[in-house]
Structures are given as C-alpha cells and as structure tokens.
Amino acid sequence: MLIPKQRLSKFAGYAMAIVVTWSCAPQRPYRAPLPRSSTPAPSARVTPPPALPPAAPPVETAPKPLPQESKIREQDIRTAPTPAPASKDVKEPAKQASISEPRGSSEAAPTPTTPPLADDSSLLAKITPGVSPQRAASLRLTEEGRKLLDAGDPAKAITRLERTIVIDSTNGYGYFYLAKAQYRMGHYQQSLNLLEVAQSRLGGEPFWMSEIYALRGENFRALGQTQKAETSYHQALRLNSGNRTASDALARASGDSPAASK
Amino acid sequence: MKKFQLRIFSFGLIVLLIITTTGLVAGAWFLKDWEDKVTKKFEGRKWDFASKIYSDSYHVYVGLSLRRDDLVEKLRRLGYYETSGSPKTQGAYQINVAAGTIDIFLHDFEFPTENVKGYPVRISLQGNIVSGIENLADKTEKFDLELEPEVVTGLYQRIWQERRVVKLAEVPPLLIKTIIAVEDERFFSHAGVDPIGIMRAMLVNLRHLSLQQGGSTLTQQLMKNFLLSDERTLSRKFPEAVMALIAERKYSKEVILENYLNEIYLGQRGSQGISGVWEAAQFYFSKPLSELTVGQTALLAGLIRAPNRLSPYRNAEAATKRRNVVLAKLLDDKIITEKQYDAALKEQLPQRALVKVTNEAPFYVDYLRRELDQNYPKDVLEKEGLRIFTGLDLRIQKIAEKALTEGLAKLEASHPALKKKSAEEGLEGAIVVVRPQTGEIKAMVGGRNYQKSQFNRIFQAKRQAGSVFKPFVYLAAFMHGGQSGTQYFPDTVVNDSQFTWNYDRGQSWQPNNYNNDYYGAVTVSRALESSLNSATARVAQDVGIRRVREVARRLGIESSLPAVPSLSLGSAEVTPLEVAVAFSTLANGGVRARSVAVKHVMDQNTKVLEKRDVKLEQVISPSLAYTMNQLLKGVMARGTGAPARRWGFTRPAAGKTGTTNDYKDAWFVGYTPDLLAVVWVGYDGPAKIGLSGGEAALPIWTEFMKAATANMPVTDFVSPSVPGSEKSEDAPAEKCGSATREGEPPGAPCPPAPAKPAEPV
C-alpha cells in the first residue's frame with residue numbers, strides 16, 4: 001500500500017521537528033566536576049525543552065566529553081550554501097508577523113499539541129524591583145528597539161538594540177530583536193546567527209523559544225530552505241500553539257502546496 | 001648727422017614698439033590666465049572638505065555607573081562650558097552639588113541614524129550611579145541619552161578647513177549687512193575695486209607709517225583667499241585687484257557674496273581651521289545662523305579682521321572691544337535701533353574651554369585608514385567631507401597609552417639589561433582593547449612612540465603566540481576528547497613529564513617545561529593555570545593537532561597555522577588583534593563578534609554610505625566557553641596571572657600569559673565579561689627580552705585594567721543555566737569557588753600564588 005506523499009512529508013516534518021528540538025534544546029549548565037568516581041560521566045547532557053514529550057534521539061548521540069558540543073558543528077561555521085532565491089512574496093520581510101502584531105487566526109494550522117502560552121512579550125513587565133539596573137536599562141532599550149521595529153525603522157532599531165547587549169550581554173531579548181531587525185533588513189544568515197545566541201540566553205522560556213523558532217522559520221523560508229522553515233514552525237507551535245507567525249506561515253505553506261504542485 | 005639721428009629715432013621707435021607689443025601680449029596673456037583662473041574657481045570645485053573621524057558616542061542611562069568628575073571631563077572635551085545659572089543655550093551646563101544633579105543644554109548633533117536637536121536635560125546622580133534623567137524642556141522622564149562623539153582627527157590634504165557651505169538665502173540679512181558695513185560698505189556700488197577705500201587705507205597707512213589697512217573690497221578678499229597667497233605685499237595687490245574686476249564683470253554681487261560668506265576664515269581649533277559663517281556660528285555659539293543674536297552677529301563680523309587675535313576664547317577684552325565697535329557702526333548706519341544696541345552691549349561673550357583637536361589615537365586612525373582605503377579612494381577620503389563614526393573610546397585609549405608607555409619605562413628601570421638593549425633596539429609594546437559583546441575595538445596602541453615608528457604591531461606584526469595558544473588545546477580536548485578515548489574535564493589528570501612526540505615520517509619533537517621542572521600527574525586546570533608545556537603537548541597529541549587548529553580558527557585566529565606538534569605551545573605567528581578576537585569569543589559566552597573599528601560612514605549630506613552592524617556567531621557552546629572562562633579565572637587566582645591580584649586588580653577576570661621560545665615575546669590576554677585587553681611586549685628584531693609574559697606584559701595589563709574598569713559595574717561570567725543572574729555589585733576580590741583543583745571543595749580559600757610561576761618556553 002502506498003502512503004500518500006503529503007502524509008509522508010508531514011510525518012517526516014514532525015520527525016525532523018522532534019530531532020531538532022532535541023539537538024537544539026538548551027544545554028544543562030556546566031557543573032564543576034567533582035572528583036571522578038568509577039561511574040563514567042553521562043554521555044549526553046542535553047535537556048529537551050519543556051512541554052515536549054521524550055523525543056527521538058538527538059542528532060549526535062555518540063558519547064562525548066563534557067561540556068558537550070552537540071549544537072555547534074562545522075557546517076554551522078561555514079557559510080551555508082546559498083539556496084535558490086525564494087519567490088518575491090516570500091521575501092517580503094516587512095509584512096511578516098511579529099509578537100507585537102496580532103494576526104488573524106488561520107484555518108489550516110496544524111492542531112496544537114499544547115494550549116497557547118500566556119503572552120510574555122512585555123519586556124517592561126520584566127523590570128521588577130530585584131532586577132539589576134543594567135538589566136532594567138537594557139530591557140527598556142530593547143522595548144524601544146521593538147517599537148522602532150514595529151514602526152518600520154529596522155536600521156535605527158539596530159543601533160538601539162546593539163546598545164542593549166553592551167549594557168547587558170545576557171539580555172536574550174535584545175539578541176532576539178536584533179535578529180528580527182536583521183531579518184527585516186534582509187540579512188537572513190546574520191539573523192539566524194543572532195537567533196542562536198538568543199536561544200542560548202532564553203533557553204528556559206518556552207514563549208520566547210517559540211518566537212525564536214518562528215523567526216528562524218521565517219529566515220529559512222526567506223532563504224528558500226522550506227523544509228527547515230517548516231520544521232522550525234512546527235517546533236514553534238509545539239512550544240506555543242498560540243504562535244501565530246508559525247501557524248500562519250504553515251497555513252500559507254499548505255495553501256501554496258497544491259499551486260506549487262500544479 | 002641728421003641721417004644718424006633718424007636712424008637712432010627709428011631704432012628707438014622699433015624698440016618701443018616691440019616693448020609695447022610684448023607688454024600688450026604679456027598683459028593679454030596674464031589677463032586671459034587670470035580670467036581662466038577666476039572662471040575655473042567660480043565654476044569648478046571651490047573647496048576640499050576634510051573627512052572627520054569620530055570616537056564612539058557616550059551613552060548615559062539610568063543605572064549607569066558614572067562619576068560626576070568623569071561626566072564633567074567628558075563635557076569639557078566636547079566643548080561644553082559651565083555656567084552659574086541654569087543653562088539657557090546649547091553647550092552650557094550647570095552642576096548642582098547639593099542636589100546631585102547636572103543640567104546640560106545638549107548640542108545639536110547629526111547621528112548616523114537620527115538628527116538630534118539639542119535640548120536641556122537633567123542628570124541626577126546618587127553616589128556614582130545615574131538615578132534619573134529628565135528632559136527639562138518638556139519635563140518628561142527619560143531613561144537614556146547620547147552625548148555626541150568627539151572628533152578624533154580629520155583626513156585632509158595640506159590644511160584642514162572645517163566648513164559647511166550655505167546658500168545666501170540661509171544667511172540672516174543682519175549678518176550680511178553687518179559684514180558689509182564693517183568690511184566693505186560700498187560693496188554694492190563698486191566694480192570690484194574701491195578707489196575711495198584704497199585712498200582711505202593709504203592715508204591710514206601713511207599716518208601710522210606701516211601697513212595698517214589694505215582697503216580691499218570683499219571681492220578682493222575673496223580673490224586673495226581663492227587664488228593668491230596670504231602675503232601682504234603690493235605685488236600681490238595688482239593681480240588681486242584685476243581678478244576682482246574680472247570676477248565682478250563675470251558674476252553677480254550675490255554670487256560673490258555667497259562665496260565670500262562660505263570662504264572667510266574665522267578661527268582656529270588646533271589643526272582645524274574654522275571657515276565660513278555657518279561653521280563659525282557653531283564654533284563660537286553652538287547654534288545655527290538663524291538663531292544668532294545682534295551681539296553675536298556683531299562679534300562674528302568683527303572677527304574677520306583678525307580671527308585669532310580677536311577671538312573671545314583667547315582675548316575676551318579685545319573681542320568685546322571689537323564687537324562694541326561693530327555695534328556702534330551698526331547703530332550709526334541705522335542698521336540696528338538704540339534698543340537693540342543697548343541689549344547687544346549687555347550680551348555675554350561665549351565661553352568655552354578651547355579643546356584642540358589633536359589626534360590622540362594615531363595607531364587607531366591608521367588602522368581605520370587601512371579599512372577605509374579598501375572602499376574609498378584617497379581623494380574621496382580627503383576632500384569629500386565624510387563623517388566616520390568609530391568604536392574608539394578616547395578615555396580608554398588614553399589609559400591604554402599611559403599604561404603601555406609607563407609600563408615599558410618601568411620595565412627598563414627594573415631590568416637594566418633591558419635598558420641597555422633598548423638603547424640599541426628599542427623595547428616595544430602594543431595593546432589592543434576590545435568589547436567582547438560587539439567586537440568593537442575600543443582602543444589601540446600599536447607601539448611605544450608613534451612619532452618614532454608608525455609600525456602598528458596590533459595588526460601588522462605577526463608574533464609567535466606562545467602559551468596564549470594553550471586554551472585552544474584544552475578547548476579541543478573538551479570538545480572532541482582524545483584519540484585514546486580519554487574524555488577531558490578540568491579535573492582530568494594528565495601527565496606532566498618529558499616525552500618525545502614522533503610525527504610525520506620519522507620527525508620528532510620534545511617539549512620542555514620552564515626550568516625543566518616537571519610535576520608528574522596534574523589536573524588539566526593545574527596544567528593550564530601553571531602553563532605546563534609537557535602536559536599540554538601530551539593533551540594536544542592525544543586530541544590531534546588538526547582539531548586544535550580547527551578550534552583556534554573557529555574562535556577567530558586567521559593566520560596560517562601549520563599542523564605541527566609545536567603549534568600546541570603557540571609556535572604559530574599571530575597578530576595581537578587575532579588573539580583579542582579569539583579570547584573575546586570566550587568572554588562573550590562562545591559568541592564570536594567580528595572586530596569593528598568603523599561603525600558608520602556618512603557623507604556631507606548626512607546620507608549613510610556604510611553601516612557595519614555587530615556581526616555575531618555562536619561558534620562554541622556557552623557552557624564550553626563558561627568552562628574555559630572558569631579555568632582562565634583560575635590562572636588569575638592561582639596561576640601565572642595571580643600577580644595581578646596582588647597588584648590590586650580584584651574584579652572577576654580570566655586571563656592567560658604567553659611567553660615564546662627564547663623569550664622573544666611576552667604576552668598577556670585578560671578579560672572581564674565587558675572588556676578585554678591584549679598586551680604584547682618585545683623587540684621588533686630578533687633580540688630577546690628575557691622576561692615571561694607574567695613579568696613583562698601582565699603589569700601593563702593590570703595597570704590598564706585597573707584604570708579602565710574603575711568606573712564599571714562589577715560583573716562576572718554567566719553560567720549558561722542562569723541567564724541574567726551574573727551581575728554582582730559586590731563580587732569578592734578573589735573567589736576560588738570554582739574548585740578547579742583536585743581535592744578542594746568549592747569556595748575554598750585561594751592558595752597563595754606560586755612564588756615563581758612555572759612559565760613555559
């Protein structure tokens with residue numbers, strides 16, 4: 001019996017999503033090793049992201065010394081081969097959704113596996129009494145950068161956002177919005193690099209991880225890497241089923257498929 | 001006889017004819033030449049515009065650690081001046097010590113991404129922390145502001161004239177009338193030369209028996225500035241007058257006047273000449289032409305006669321006197337009313353500490369120049385008035401320069417042999433400072449004395465890296481493990497004993513430890529802290545030299561790295577800048593930032609020609625970077641970098657010494673999460689300094705870091721598990737909690753630094 005092609009690719013997409021989730025999940029902190037016991041160190045120290053069921057083994061499962069280097073591979077360092085340019089409408093970054101730009105729901109979005117997460121996008125809400133002055137200043141600037149992005153001025157936003165990481169290099173939101181600004185400027189590879197940094201800073205925040213995956217999907221899509229894009233969108237939805245950037249993109253993709261096959 | 005006389009007469013006539021004809025031809029030729037020159041000047045390119053190099057702007061935000069004195073010094077350098085009352089005009093500031101506030105009326109500034117109009121602002125300080133920022137114009141709370149960058153130097157040919165060209169319509173009529181009244185009151189009625197004016201000048205000169213006045217019209221002055229020398233001689237006067245007549249015949253009074261207003265020299269700031277009324281209004285009053293008061297207009301017009309002698313910055317009394325003379329003339333000519341005259345007399349003269357623009361970062365500028373030369377032809381750089389914004393921090397630059405020159409002098413003083421050798425060869429050093437998060441080069445000193453040697457050792461000198469290379473060996477070991485199957489951890493025990501590394505068809509290499517002292521079984525952390533050669537080479541052999549090389553590349557080393565065993569101990573030649581980039585990657589949690597000196601390039605019309613954003617790439621995992629940072633903190637706590645602690649640098653920091661074969665190069669690279677500096681000391685030639693990195697480079701690094709970080713918040717390296725939790729305002733001077741030594745519990749007190757650090761060859 002033949003499995004329909006569409007179902008097959010969907011299945012493959014889910015499998016890939018799980019694999020990528022595992023391999024890209026935030027790593028456990030490095031622990032100062034205790035004097036060695038006879039038991040060998042565990043080979044993998046990669047923690048799957050929250051809200052995900054145990055998934056398929058990670059991409060690299062071979063035993064590795066600590067700290068593990070599963071995420072960074074040689075191919076990540078070299079410039080990715082330039083794919084065929086995406087279609088014009090796909091490359092229009094200014095029209096992409098952002099977390100501050102609510103969009104209409106999409107009918108064709110895949111069924112979410114988890115309930116939508118509460119909106120955690122307000123950075124000013126994160127300035128609480130215990131927050132260091134540097135972090136507070138950095139968050140305020142990030143918020144300004146976000147507004148400039150929403151106002152359609154990514155160049156100015158970048159100048160502001162670069163300040164955020166100077167003040168507080170642990171502010172992952174700053175890196176996220178820098179990635180978004182670079183995406184808007186059409187610098188997709190640079191945006192992907194920044195998302196990787198953002199991910200290393202925001203590993204414990206599912207809402208933001210979902211945003212990172214969605215934006216990663218947008219970048220891949222703009223680069224013409226549709227398979228990777230789809231995987232990233234699915235990943236974003238697994239973390240937060242309410243991620244509209246991802247659901248809309250997937251809806252658009254499924255809507256485009258028949259046309260494409262024609 | 002008559003015949004002879006006739007002959008003489010005929011001959012004389014012919015001679016006269018020849019002379020007259022020659023004179024006429026020569027006169028016509030000169031006239032044509034002068035006309036061509038005048039036409040070419042009026043219709044061609046009139047001025048060259050020097051490009052300006054700016055430092056980084058100064059970002060002030062709520063929460064910033066900022067000493068009042070530092071802010072005041074910054075304001076002074078930017079040409080702000082203190083007033084006793086609330087600042088009413090751009091460039092003024094007032095300090096209120098009791099309230100802990102500084103009110104500043106900011107200058108206008110065209111930043112690459114926005115044009116900021118100056119406004120009054122209040123900065124409140126609680127101790128050394130900025131606790132509030134308020135816009136005094138609209139009483140709104142602000143969270144940050146940006147002070148404009150400083151001009152570092154200009155790129156120009158021959159002389160540096162600072163000027164912005166304006167249209168005649170942009171110049172206030174009062175300024176035009178005033179200049180005409182005091183410089184050439186018959187401007188609109190003469191034909192380029194004013195005989196009445198000349199007669200008057202001659203009388204004055206006769207009376208004083210010296211050249212007091214020239215009687216030049218504005219057109220003559222313009223011709224002199226455009227086409228002739230500054231010499232005040234009668235032989236220059238003739239062509240000047242003829243050219244003025246030519247110009248008046250060919251061009252309208254308005255065209256001549258507009259050129260004059262843009263051309264005229266009105267002051268000097270160091271090597272920077274202030275030309276044209278727009279630039280002068282900015283220089284003296286920090287305001288656009290349209291906002292000049294009557295008194296300011298009179299002062300400006302009065303300056304034309306002798307801009308430096310009558311400068312309010314140099315001689316307030318002379319400037320006031322001249323201004324009042326001009327005001328009286330305006331009143332006499334009924335250009336201003338008596339009321340305006342009285343008010344203008346009461347106006348205060350502009351005050352400002354005259355900060356000269358002297359290139360304080362020549363090596364940095366040379367580095368920039370090389371970067372810029374790739375995209376901009378020399379003529380464009382020196383004539384098109386580009387504005388080049390950089391990452392340079394002049395405060396840090398000065399500290400770096402001082403630390404290097406004083407450090408090298410101290411070394412020579414404490415090591416007489418070095419001084420003797422220096423007399424022949426010249427002990428050299430270099431320091432480069434980078435912000436790890438963005439890759440911005442904050443300071444660069446490429447040598448001891450720029451006047452003596454412009455060779456920039458930061459990016460032009462390739463020197464053996466020595467032990468600075470060792471962290472790459474251990475990173476490779478942590479990442480890949482050994483070919484023997486050994487997994488490496490900071491507490492993995494390795495063998496520090498002599499051995500021979502056989503490689504490539506019968507070749508062998510034997511690494512030696514410093515003083516031939518071997519320590520047997522040691523942990524990786526101990527091997528790195530004490531920079532043990534043998535142990536490191538053994539690990540490199542197990543991991544494979546190609547993997548070590550790959551890690552170095554990944555972090556940012558670009559020079560050729562031969563895959564030979566000695567690479568593990570830093571036999572490859574690298575530049576200090578490469579070392580800075582590679583270790584910045586560690587400081588920045590595994591994120592490599594492209595090194596950036598030029599950030600923006602803007603043209604004269606404020607169009608951004610080039611924008612170099614921060615370019616980042618996560619090249620090793622945050623946890624791996626954190627591990628290495630912890631190990632290198634151990635170097636500072638217990639290893640070869642420990643003397644820095646004794647010398648008073650107490651912040652959380654990581655670092656590594658480097659000493660090369662035969663003691664030719666001494667290195668130290670060290671960093672906090674926010675600032676990294678690499679110091680190299682050695683000779684340009686083959687001479688040995690005979691000192692280790694800890695002895696020669698570390699003292700310079702320590703002095704630099706103590707001063708450079710004095711006003712920065714104390715930060716520590718972030719554990720990847722707790723993002724945002726790293727900021728500690730009261731980090732202990734020395735924490736040995738990472739327990740990278742065997743058998744010591746976390747938080748154990750630091751053992752004393754080794755009496756003599758085991759420094760490798």
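In the predicted model, Glu218(A) has a relative accessibility of 2% and therefore counts as buried, the cut-off for this class being under 20%. Its partner in a salt bridge is Arg221(A), the closest N and O atoms of the two side chains being 3.6 Å apart. Arg221(A) is likewise buried, with a relative accessible area of 12%. Both residues belong to helix H7 (residues 206-222) of chain A, and because they are three residues apart in this helix, about one helical turn separates Glu218(A) from Arg221(A).

A pair within a helix is also found in chain B, where the side chains of Lys378(B) and Glu382(B) meet in a salt bridge with an N to O distance of 3.2 Å. These two residues lie four residues apart in helix H13 (residues 378-383) of chain B, a spacing of about one turn of the helix. The two ends of this pair fall into separate accessibility classes, since Lys378(B), at 48% relative accessibility, counts as partly exposed, whereas Glu382(B), at 6%, counts as buried.

A further salt bridge in chain B joins the side chains of Lys442(B) and Asp56(B), at 3.0 Å from N to O. This pair links distant parts of the chain, for Lys442(B) is located in strand E18 (residues 441-445) of chain B and Asp56(B) in the loop between strand E1 (51-54) and strand E2 (58-61) of chain B, the two being 386 residues apart. Lys442(B) and Asp56(B) are both buried. They also take part in a network of salt bridges in which Arg163(A), Glu146(B), Arg435(B), Glu440(B) and Lys599(B) are linked with them. Over all chains, a search of the whole structure finds 54 salt bridges.

Helix packing was examined for one pair in chain B. The axes of helix H9 (residues 294-303) of chain B and helix H10 (residues 316-332) of chain B come within 8 Å and cross at roughly 105 degrees. Because angles of 65 to 115 degrees are classed as roughly perpendicular, H9(B) is described as roughly perpendicular to H10(B). On the side of H9(B), the contact is made by Val294(B), Gly295(B), Ala298(B), Leu299(B) and Gly302(B), while H10(B) contributes Ala319(B), Arg322(B), Arg323(B), Val326(B) and Leu327(B). The residues of this contact between H9(B) and H10(B) divide into six nonpolar, two polar and two charged.

Methods:
Residues are numbered from 1 along each chain as its sequence is written. Chains are lettered from A and ligands numbered from 1 in the order in which they are written. This is a predicted model: local features need pLDDT of at least 70, side-chain atom pairs count only at pLDDT 80 or more; totals for chains, interfaces and linings use all residues. Side-chain values use heavy atoms; hydrogens and water are left out. Axes are lines fitted to C-alpha atoms, for helices over the stretch in contact, and angles run from 0 to 180 degrees between N-to-C directions. Angles under 35 degrees count as roughly parallel, over 145 as roughly antiparallel, 65 to 115 as roughly perpendicular and the rest as oblique. Contact means heavy atoms within 4.5 Å. Ala, Val, Leu, Ile, Met, Phe, Trp, Tyr, Cys and Pro count as nonpolar, Asp, Glu, Lys and Arg as charged, and the others, Gly among them, as polar. A salt bridge is a side-chain nitrogen of Lys or Arg within 4 Å of a carboxyl oxygen of Asp or Glu. Buried means under 20% relative accessible area, exposed over 50%, partly exposed in between (1.4 Å probe, protein chains only).
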